[in-house]
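Take a look at the model below. The report that follows goes through the ligand site, the domains, the cores and some backbone details.

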Amino acid sequence: MSPAVPLFTESFSGRAHGKVNLHLGVGEARADGYHELSTVFMAVDRPETVTLTPAEEASISTTFHVEEPDEDVDTPRNLAWRAVEALAGAAGDTEGANLPPVRIEVDKTIPVAGGMAGGSADAAAAVVAAEALLLHYGYTVEPEDRDNVLKALGADVPFAAMGGVALGTDRGDSLVPMMCRGSYWFTFLNPKVGLSTGKVFEKLDDLRFTYASMVPHMDTALISRALLSGDPHQVGAAMHNDLEPAALALRPSLQQIIHDAEDAGAIRAMVSGSGPTIAALCEDQAVALRVVDKLTAQGNIDGFAAQGPVGGAALL
Ligand code: C5P
């Protein structure tokens, strides 16, 4: 039996941020369906907030500050829901924690299925909130168990938890923090219709089968050096994404957004992660806001400026 819901329920909120891959090298497809990555993540200040409140019944509801997806995301399949369940399962003894049902509220500012790891940020924020909720009920979670839960929730979830700038290898989930000087302004441009991450990776495998010249770029030395300079021009010149040709093959119209963003003043525009969001690195905030204005004028693209690096998942 679940413990009774206390009369004065306390809420627990966690927050995590979106990311951009400044370098995304994709290696071979592995037997587990994932690809070996060599990627440089930077967390950017687009927050996702997850609030957990003990309630009579388990539920989830999402508030969108970005384009709402066609599909209903307020189901137990939601990563935030799965994160709370998984962490509760890892707490206490082998049977997991005995918690009351919780109401989960997700506040989203990151485009859905956009290549900025919004769902992964929800999961990381939910894990932080769930850890505090569990502690409130007298349960602790071993750091190793929490790390395993983060990895099991998705390849980008450990970075959403960690934040900052990091090199990701294996599935992108074995992380080492990287040195970075200065901070960087980006414009993120989202054509409102998402792309499936799995389909973009599959497309890259197809393209590589046909075009032998499309080799993996696993060397991150160039971007590592650029990040030490503090100079957005050097960083822009070093940005690279192996998934870009695959995202462009599936969504050729993205090429125009890249062109227009650079035309409007961005130093370098590139597909963010698996897309379709375009990340445009700019000289400063003023340029980033100008690029937003120009590219969103026709109404078919959502855009916002965001700065990185910022921190990882934290309790509010
Ligand atoms: O881990 P996540 O659910 O975010 O990954 C979504 C999909 O992206 C995977 O099912 C896989 O098809 C693809 N992927 C991959 N290699 C990675 C990360 C993701 O092939 N390193």
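Which atom of Gly 33 lies 3.5 Å from an oxygen atom of the ligand, one of the backbone or one of the side chain? A backbone N or O atom of Gly 33 lies at that distance from the ligand oxygen. The model is predicted, and this distance, like the others here, is computed from it.

## The ligand site

The ligand is surrounded by Gly 33, Tyr 34, His 35, Leu 37, Gly 154, Ala 155, Arg 171, Thr 197, Gly 198 and Phe 201. Three of the distances to ligand oxygen atoms are set out here.

| Residue | Atom in the residue | Distance to a ligand oxygen |
|---|---|---|
| Gly 33 | backbone N or O | 3.5 Å |
| Tyr 34 | polar side-chain atom | 2.8 Å |
| His 35 | side-chain N or O | 2.7 Å |

His 35 deserves a second look. It sits in strand β2, residues 35–54. Is His 35 buried or exposed? His 35 has a relative accessible area of 7%, so it counts as buried. The side chain of His 35 also makes a polar contact with the side chain of Asp 205, at 2.9 Å. Leaving out residues up to four places away in sequence, His 35 touches Val 26, Gly 27, Glu 28, Ala 29 and Arg 30. Its other contacts on that count are Asp 170, Arg 171, Phe 201 and Asp 205. Arg 171 and Phe 201 are also among the residues around the ligand.

## Two domains

The domain assignment splits the protein into domain 1 (12–178) and domain 2 (184–308). Their C-alpha centres are 23 Å apart. The contact between them involves 31 residues of domain 1 and 38 residues of domain 2.

An unreviewed UniProt entry lists residues 225–300 as "domain: GHMP kinase C-terminal". Over that stretch the chain is 54% helix and 14% strand. The C-alpha atoms at its ends are 37 Å apart.

## The nonpolar cores

The largest nonpolar core has 59 residues. Leu 22, Ile 104, Leu 134, Phe 186, Phe 188 and Leu 227 touch the most other members. Which helix gives the largest share of this core? Helix α2 (residues 118–136) does, with 11 residues. Both domain 1 and domain 2 supply at least three residues to the core.

A second, separate core holds 33 residues, including Phe 201, Leu 204, Val 287 and Leu 295. Phe 201 is also one of the residues around the ligand.

Within the largest core, Leu 227 can be followed outward. Beyond residues up to four places away in sequence, Leu 227 touches Leu 22, Val 40, Met 42, Val 165 and Met 178. Its list continues with Met 179, Cys 180, Arg 181, Tyr 184 and Val 235. As background, nonpolar side chains tend to be buried together in soluble globular proteins.

## A loop lysine

Lys 192 lies in the loop between β7 (184–190) and α5 (197–210). Its relative accessibility is 29%, so Lys 192 counts as partly exposed. The side chain of Lys 192 reaches the backbone oxygen of Gly 299 at 2.8 Å. Neighbours within four places in sequence aside, Lys 192 is in contact with Glu 67, Gly 299, Asn 300, Ile 301 and Asp 302. Lys 192 and Gly 303 are 111 residues apart in sequence, yet their C-alpha atoms are 9.8 Å apart in space.

## Backbone exceptions

Most residues other than glycine have a negative phi, and most peptide bonds are trans. Some places in this model depart from that.

Where do the cis prolines sit? The peptide bond from Gly 275 to Pro 276 is cis, with omega near 5°. Pro 276 lies in the loop between β9 (268–271) and β10 (278–282). The bond from Gly 308 to Pro 309 is also cis, with omega near 0°. Pro 309 falls in the loop between β11 (302–308) and β12 (314–315).

Two alanines have a positive phi. Ala 113 has phi near 50°, and Ala 117 has phi of about 60°. Ala 113 lies in the loop between β4 (102–108) and α2, and Ala 117 is also placed in the loop between β4 and α2. Their exposure is as follows. Ala 113 is partly exposed, with a relative accessible area of 43%. Ala 117 is buried, at 11%.

Note on methods
Residues are numbered from 1 along each chain as its sequence is written. This is a predicted model: local features need pLDDT of at least 70, side-chain atom pairs count only at pLDDT 80 or more; totals for chains, interfaces and linings use all residues. Side-chain values use heavy atoms; hydrogens and water are left out. A nonpolar core is a set of buried Ala, Val, Leu, Ile, Met, Phe, Trp, Tyr and Cys residues joined through side-chain atoms within 4.5 Å. Buried means under 20% relative accessible area, exposed over 50%, partly exposed in between (1.4 Å probe, protein chains only). Helices (H or I, at least four residues) and strands (E, at least two) are DSSP runs, numbered from the N terminus. Domain bounds come from an automatic or database domain assignment. Contact means heavy atoms within 4.5 Å. UniProt positions are given in the numbering used here, feature names are shortened, and annotations may be inferred rather than shown by experiment. A residue is near a molecule or strand if one of its heavy atoms lies within 4 Å of it. A polar contact is a pair of N or O atoms within 3.5 Å; within protein, one must be able to donate a hydrogen and the other to accept it, and residues adjacent in sequence count only if both atoms are side-chain atoms.
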